[in-house]
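Q: Before we begin, could the structure be displayed, so that its features may be read one at a time?

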Amino acid sequence: MFALVDANSFYVSCERVFDPTLIGMPVVVLSNNDGCCIALSDEAKQLGIVMGTPIHLLKEQIRKNNIQLRLRSSNYTLYGDMSNRMMNLFRRFVPCQENYSIDEAFLDMTGLYQKDLLQLGMTIRQTVGQYLGLPVCVGIARTKTLAKLANRYAKKHHKNLGVHFLANEALTTQALKATPIGDVWGIGHRLSAKLLQSGFATAYDFMQNAPAQWVRKEMSVVGERLLKELRGTPAIKWDYTPPIPQNVGTSRSFGTLQTSYEIVVAAMATHTSHCALKLRSNKVCASAIQVFLQTNPYRTQDKQYYQSTVVELPVPTHHTAELIHHARIGLERIFKKGYKYQKVGVNVLDLVPENQIQYSLFDSMDRQKAAHMMGIVDSINAVQGRHTVFFAAQGDREDYKLRAQYISGRYTTSWTELPVIIE
């Protein structure tokens with residue numbers, strides 16, 4: 001048996017943990033630079049607000065309809081830390097788990113048949129709520145796809161309980177019949193339209209009536225695995241250890257359009273630093289680095305420009321200073337004066353495990369010393385807060401920081417932003 005556990009409206013729920021006045025209120029979390037809606041509370045959805053609505057249209061909707069709406073800028077530092085705490089809690093209950101996204105994980109309950117799995121699911125939900133204040137739903141079934149389906153069924157039909165266990169054929173059939181084909185995990189919009197045209201309106205229709213040969217022809221081996229999963233046979237492998245990423249990238253729009261080379265360099269260096277940290281976290285090194293620059297394509301009154309370049313590295317590395325040096329070489333190639341830049345971005349490419357690096361005969365850098373130094377920097381930043389120690393090339397982030405008018409505190413990762421209780 002497997003379980004899928006995910007947090008309800010995760011970003012909104014994280015905000016509500018530290019600001020109880022948001023509970024029961026319509027809440028919208030905005031994207032970087034307060035651009036558009038990326039997370040909605042149920043109350044906001046009931047007002048007709050949809051995902052992806054730009055902030056200027058949202059404000060117009062609020063004004064016209066006199067909506068009492070709470071806005072929050074995205075606070076990824078808080079969300080990431082709350083996610084880590086939630087994933088660590090799950091490890092108390094099962095021998096193995098697969099963290100599927102920032103707010104959901106598959107739990108392997110194989111070998112726990114002697115336990116009451118429904119009660120176990122309720123205990124997991126209660127523990128996460130008690131320790132973190134996050135509401136979660138739990139779906140339990142014989143396969144990952146069915147667990148996903150059970151989780152969705154719990155949200156739709158047992159929201160107060162928050163747990164659903166497809167313990168027998170009757171419960172499984174009931175959930176399959178209640179799930180539109182387009183809501184099945186792995187079936188996108190285009191494939192959903194094809195299946196509807198072929199007469200498969202629900203997950204049950206597909207599971208019961210789809211010929212395996214037709215599925216293989218029309219949906220390839222992916223559809224064949226899906227059919228097996230819906231019929232109760234596990235066919236999707238587990239990734240207990242995250243795969244090595246193929247590339248890592250960071251890009252952000254400036255809070256205001258920029259013409260200064262020095263500010264663009266500082267932002268590029270900060271993005272490179274973020275990429276380097278991700279590389280070290282995954283124990284991989286980059287063999288090349290790509291830098292790109294662009295103006296705002298929607299400002300037709302401005303001159304438009306987009307350019308990118310790739311710089312090959314002499315030795316694969318995850319050392320921040322070395323990556324910043326080569327990223328700056330790339331930026332110098334493509335930066336042109338006279339443009340109002342909206343965004344600079346960095347991608348580190350051709351990643352290799354740090355223990356499989358091919359060194360250069362002429363490499364003069366003391367890489368062991370450099371790795372030790374970066375380890376100390378990462379340790380300090382992990383304890384004292386992100387950017388406690390940073391490279392001078394990153395400059396004053398106030399010059400290029402994102403717009404975040406409605407940002408909440410980094411309550412769990414910054415000593416200066418801890419919640420204060422006033423008697």
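A: This is a predicted model. Let us begin with the second largest pocket. Strand 1 (2-7), helix 1 (10-18), strand 3 (37-40), helix 2 (42-46) and helix 6 (144-157) each contribute at least two residues to its lining.

Q: Which helix gives the most to the lining of the second largest pocket?

A: Helix 6 does, with 7 residues. The lining comprises 34 residues, and those nearest the centre of the pocket are D6, N8, S9, K45 and K155. The space in this pocket is about 990 Å³.

Q: How many nonpolar, polar and charged residues does the lining of the second largest pocket have?

A: By class, 13 residues of the lining are nonpolar, 7 are polar and 14 are charged.

Q: S9 is in the loop between strand 1 and helix 1. What is to be read from its phi?

A: The sign is the point to inspect. Phi of S9 is near 45°, which is positive although the residue is not glycine. As for exposure, a residue between 20% and 50% relative accessible area is called partly exposed; S9, at 28% relative accessibility, therefore counts as partly exposed.

Q: Is N33 buried or exposed?

A: The cut-off for buried is under 20% relative accessible area. N33 has 7% relative accessibility and so counts as buried. N33 lies in the loop between strand 2 (27-30) and strand 3. Its phi, near 65°, is another positive value in a residue other than glycine.

Q: Why is strand 7 (residues 136-141) said to be largely enclosed by the rest of the structure?

A: The reasoning rests on burial: 6 of the 6 residues of strand 7 are buried, so the rest of the structure largely encloses this strand.

Q: How should the two faces of a strand be read?

A: Side chains in a regular strand alternate between the two faces of the sheet. In strand 7 both faces are covered. V136, V138 and I140 are buried on one side, and C137, G139 and A141 are buried on the other.

Q: In which sense do strand 1 and strand 7 pair?

A: The sense is antiparallel, over 6 bridges. Within this pairing, L4 has G139 of strand 7 as its bridge partner.

Q: What joins strand 7 to strand 8 (residues 163-165)?

A: The two strands run parallel and are joined by 3 bridges. Here G139 has H164 of strand 8 as its bridge partner. The chain passes from strand 7 through helix 6 to strand 8, forming a β-α-β crossover that is left-handed.

Methods
Residues numbered from 1 in each chain as written. Predicted model: local features only at pLDDT ≥ 70, side-chain atom pairs only at ≥ 80, totals over all residues. Heavy atoms only, no water. 1 Å grid on protein atoms, 1.4 Å probe; cavity = no way out; pocket = protein on both sides within 12 Å on 5 of 7 lines; lining within 4 Å. Points joined across faces, edges and corners; volume = space filled by probe spheres on them. Helix = DSSP H or I, 4+ residues; strand = E, 2+ residues; numbered from the N terminus. Nonpolar A, V, L, I, M, F, W, Y, C, P; charged D, E, K, R; others polar. Buried < 20%, exposed > 50% of the residue type's maximum accessible area, 1.4 Å probe, protein only. Pairing = 2+ DSSP bridges. Right-handed = clockwise from strand over helix to strand, strands pointing away.
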